[in-house]
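Work through the exercises below with the sequence and the model open side by side. Try each task before reading its solution.

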Amino acid sequence: MNAVIHVDAKHPGAAINKNIYGQFSEHLGRCIYGGLFVGKDSPIPNVNGMRTDVVDALRKLQVPVLRWPGGCFADEYHWRDGIGPQEGRRRMVNTNWGGVVEDNSFGTHEFIELCRQIGCEPYINGNVGSGTVREMAEWVEYVNSDGDSTIARERWANGSKEPFNVKYWCVGNESWGCGGNMRPENYADLYRQYQTYCRNYGKNRLFRIACGPNGDDTEWTEVLMKRAGKMLDAISLHYYTVPGPWENKGSATKFDSDKYELTLQKADNIEAVLEAHLAVMDRYDPEHHVGLIVDEWGTWYDVEPGTNPGFLYQQNTMRDAMVAALSLNIFNRHADRVVMANIAQMVNVLQAMVLTDGDRMILTPTYHVFDLYRPHQNAQLLETAVFADRLGNGLKQVTASASVKDGVVTVTFANLDPEKPVEVLVDVDGAGAKISGSILAGDPHDYNDFDAPEKVAVKPFTDWKQTEKGLLVSLPACAVAALSFRD
Ligand code: AHR
């Protein structure tokens, strides 16, 4: 045996907020247009304009929450441009992403419709960079008001007498960068002002999210917590895994073993970043009223050759599956403070779940990891200790997390080694004896494409034997597995 995973199933801990398995969709490239939304008149099968194939795949994943409309796009988005009859909507140029025409045919009502079809909660990101307090306040009113105001009546006229009751709202996106290049002091003051006028309507209570830091910038967190920490429910952090300098991030599919190890090392670094921000937050909020949200995370490589550089379209290999497994295990293990995470992005952009080409669709290795991890949603975290050899980059060869829900213990674990299989003793103290498993495995370079859509897929897993010390599992190289234990 080369590794041991010990799980204490007798003392369940914090609940793993299902929103850790959230996603992000921006008006960027082919995420919304073509990926999720094709319009009612499209020959691609759709319901009210939403692609049936993509929605069906996402429903199966039990996506809990979806963030929209950006991203950098959010701070140039004016919600009024996206309501009313689609043909009369204002057109703009998407200056952030590829300079393409944005015809606003996907707006607030379409977003709510998409969330209803997927079965997830909506999370709206307001515009601070180029918007006004009034604009954001009226968006909240338009979306949530159960009263009889001119603004609520506009929503009625646009087809919804019932308010949408959206709970999650963020004030600005990357206000330290594309959202206005602000200093934290300036943003903290603006945040206080904006949130004052984002009202609760009816029984709906807003969950107020402030734009948090870029990566490891703890000064931003410090200033924000000090000046506005009592007026917010969560801070949002962005952390991307970029395996190289910005001008040469590297290919999504062609990489050597050094690049593979660097990618995992960068992904793993999110744990130190989370802990640094949480330490700052603890000083201002020792009772942990404020949560941390990682509302943009994932891999960011050079775009696929031949595609619009502003569209951020990249392939997704088993390397991305390892990043997903590693990151989700880290979020699970910080379940007491990390209350949401939204991978960037849902379709056709960065570390996507789904890729589309015209009417064709494929599921990525990252999709399959989210599928394997579904049982963790709203389960209780179990303390997990991992003993394993180290890779060349210093990371443990094996990453794991575990939870329990309705008496079923789920252990998710990955062999990060690109070449060597590993024998893992999985020793779960206090779990049932009926075991079932699933696995996703392959070469780090393996991916699905439109000609080979099932090259990487989840398979049943039974490669283990019971021993006196626990379950001895043979995990191939570059593999992620989920085992469930029940009575
Ligand atoms: O996800 C792509 C971009 O990355 C987002 O628009 C922005 O918030 C971040 O820099």
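This is a predicted model.

**Exercise 1. The barrel**

Task: Find which strands close into a barrel, and give their order and pairing.

Solution:
- Step 1. Trace the closed ring. 8 strands form the barrel, in the order E2-E5-E8-E9-E10-E11-E12-E13.
- Step 2. Check the directions. The pairing is parallel, and the twist from one strand to the next averages 30°.
- Step 3. Zoom in on one pair. Strand E8 (residues 121-126) and strand E9 (residues 168-171) run parallel and are joined by 4 bridges. Tyr123 has Tyr168 in E9 as its bridge partner.
- Step 4. Add a helix. Helix H5 (residues 184-197) lies across E9 and strand E10 (207-214), at about 165° to E10.

**Exercise 2. The open sheet**

Task: Lay out the strand order of the open sheet and name its edge strands.

Solution:
- Step 1. Read off the order. The open sheet has 10 strands: E21-E20-E24-E18-E17-E16-E1-E19-E23-E22. The pairing is mixed.
- Step 2. Mark the ends. Strand E21 (459-460) and strand E22 (464-467) are the edge strands, and each pairs on one side only.
- Step 3. Take strand E1 (residues 3-8). Its parallel partner is strand E19 (residues 422-429), with 6 bridges between them. Here Ile5 stands opposite Val426.
- Step 4. Turn to the pairing of E1 with strand E16 (residues 380-388). It is antiparallel, over 6 bridges. Asp8 has Glu383 as its bridge partner in E16.
- Step 5. Move on from E19 to strand E23 (residues 470-475). The two are antiparallel, with 5 bridges. Glu423 stands opposite Ser474 in E23.

**Exercise 3. Helices on the sheets**

Task: Work out which strands helix H9 (residues 318-333) lies across in the open sheet, and which strands H9 touches in the barrel.

Solution:
- Step 1. Start with the open sheet. H9 lies across E16, strand E17 (398-405), strand E18 (408-415), strand E20 (434-441) and strand E24 (479-486). It runs at about 50° to E17.
- Step 2. Note a second helix there. Helix H10 (residues 365-372) packs on the sheet and touches E18, E20 and E24. The direction of H10 makes about 165° with that of E20.
- Step 3. Switch to the barrel. H9 touches strand E11 (234-241), strand E12 (291-299) and strand E13 (338-344). Its direction makes about 170° with that of E12.

**Exercise 4. Two helix pairs**

Task: Classify the crossing of helix H1 (residues 52-60) with helix H2 (residues 108-118), then that of helix H7 (residues 257-268) with helix H8 (residues 270-284).

Solution:
- Step 1. Take H1 and H2. Their axes come within 8 Å and cross at roughly 55°. That angle makes H1 oblique to H2.
- Step 2. List the contact. Val55, Leu58 and Arg59 in H1 meet Leu114, Arg116, Gln117 and Ile118 in H2. The residues of this contact divide into 4 nonpolar, 1 polar and 2 charged.
- Step 3. Take H7 and H8. Their axes come within 4 Å, crossing at roughly 15°. Angles under 35 degrees count as roughly parallel, so H7 is roughly parallel to H8.
- Step 4. List this contact too. Lys266, Ala267 and Asp268 in H7 meet Ile270, Glu271 and Ala272 in H8. The split is 3 nonpolar, no polar and 3 charged.

**Exercise 5. The ligand and some backbone details**

Task: Say how many residues surround the ligand, and find the backbone geometry at Gln345.

Solution:
- Step 1. Count the surroundings. 14 residues surround the ligand, and the closest are Glu26, Cys72, Glu174, Tyr240 and Glu296.
- Step 2. Check the polar distances. An N or O atom in the side chain of Glu26 is 2.7 Å from a ligand oxygen atom. Cys72 uses a backbone N or O atom, 2.8 Å from an oxygen atom of the ligand. For Gln345, a polar side-chain atom lies 3.0 Å from an oxygen atom of the ligand.
- Step 3. Inspect the backbone at Gln345. A cis peptide bond joins Ala344 and Gln345, with omega about -10°. Gln345 lies in the loop between E13 and strand E14 (354-357).
- Step 4. Look for another cis bond. One joins Trp68 and Pro69, with omega about 5°. Pro69 sits in the loop between strand E5 (65-68) and strand E6 (92-94).
- Step 5. Finish with phi. Gln62, in the loop between H1 and E5, has a positive phi near 55° and is not a glycine.

Note on methods:
Residues are numbered from 1 along each chain as its sequence is written. This is a predicted model: local features need pLDDT of at least 70, side-chain atom pairs count only at pLDDT 80 or more; totals for chains, interfaces and linings use all residues. Side-chain values use heavy atoms; hydrogens and water are left out. Two strands pair if DSSP finds at least two bridges between them. Axes are lines fitted to C-alpha atoms, for helices over the stretch in contact, and angles run from 0 to 180 degrees between N-to-C directions. Angles under 35 degrees count as roughly parallel, over 145 as roughly antiparallel, 65 to 115 as roughly perpendicular and the rest as oblique. Contact means heavy atoms within 4.5 Å. Ala, Val, Leu, Ile, Met, Phe, Trp, Tyr, Cys and Pro count as nonpolar, Asp, Glu, Lys and Arg as charged, and the others, Gly among them, as polar. A residue is near a molecule or strand if one of its heavy atoms lies within 4 Å of it. A polar contact is a pair of N or O atoms within 3.5 Å; within protein, one must be able to donate a hydrogen and the other to accept it, and residues adjacent in sequence count only if both atoms are side-chain atoms.
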